[in-house]
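Please open the structure in your viewer and keep the selection tool at hand. This tour proposes one selection after another and states what is to be found at each stop.

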Amino acid sequence: MALVELGRFARIEAQILVGRLESEGIPAVAFDGEASIADGSWLLIPTRVMVDDEDLAEARAIAERPE
């Protein structure tokens, strides 16, 4: 079991996606969401959404599915 990157998203979008994945039973975590918040550039730095490598295919399907 290893974490793999599902994708890079805007900070808020990443948090929504993490919640959506977890509601489907897929543990997920957002990395880099607080990067450079002190200097005001946090909107420019994408947030990585990470999932277990065994969940990647299912997580991709959920991320691509319209709500």
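Select F9 first and display its surroundings: apart from neighbours within four places in sequence, F9 is in contact (heavy atoms within 4.5 Å) with A14, L17, P46, T47 and V49. F9 belongs to strand β1, residues 3–9; helices (H or I, at least four residues) and strands (E, at least two) are DSSP runs, numbered from the N terminus. Now draw a line from F9 to T47: 38 residues separate them in sequence, while their C-alpha atoms are 5.3 Å apart in space.

A note on the source is needed here: this is a predicted model, in which local features need pLDDT of at least 70 and side-chain atom pairs count only at pLDDT 80 or more, whereas totals for chains, interfaces and linings use all residues. Residues are numbered from 1 along each chain as its sequence is written, and side-chain values use heavy atoms, with hydrogens and water left out.

**Along strand β1**

Select G7, also in strand β1. Is G7 buried or exposed? G7 counts as buried because its relative accessibility is 13%, and buried means under 20% relative accessible area, exposed over 50%, and partly exposed in between (1.4 Å probe, protein chains only). Residues up to four places away in sequence aside, G7 touches T47, R48 and V49. From G7 to T47, 40 residues along the chain, the C-alpha separation is 8.3 Å.

Move next to E5, another residue of strand β1. With a relative accessible area of 31%, E5 is partly exposed. Its side chain makes a polar contact with the side chain of R8 at 3.0 Å. A polar contact is a pair of N or O atoms within 3.5 Å; within protein, one must be able to donate a hydrogen and the other to accept it, and residues adjacent in sequence count only if both atoms are side-chain atoms. Which residues does E5 touch, not counting those up to four places away in sequence? They are R48, V49, M50 and L56. The C-alpha atoms of E5 and M50 are 4.6 Å apart, although these positions lie 45 residues apart in sequence numbering.

**Helix α1**

Select V18, which lies in helix α1. V18 is buried, its relative accessible area being 8%. Beyond four places in sequence, V18 is in contact with A28, V29, A30 and V49. Measure from V18 to V49 in the viewer: the C-alpha distance is 7.1 Å, at 31 residues apart in sequence.

Continue to R20 in helix α1, residues 11–23. R20 is buried, at 18% relative accessible area. The side chain of R20 reaches the backbone oxygen of R65 at 2.6 Å.

**The two helices together**

Colour α1 and helix α2 (residues 56–64). Two packed helices are described by the angle between their axes and the distance between the axes. The axes of α1 and α2 (residues 56–64) are 10 Å apart and form an angle of about 120°; axes are lines fitted to C-alpha atoms, for helices over the stretch in contact, and angles run from 0 to 180 degrees between N-to-C directions. That makes α1 oblique to α2, as angles under 35 degrees count as roughly parallel, over 145 as roughly antiparallel, 65 to 115 as roughly perpendicular and the rest as oblique. At this meeting, L17, R20 and L21 in α1 face A59, I62 and A63 in α2, with which they are in contact.

**The whole chain**

Finally, show the whole chain, which has two helices and three strands in the order β-α-β-β-α. Of its 67 residues, 30% count as buried.
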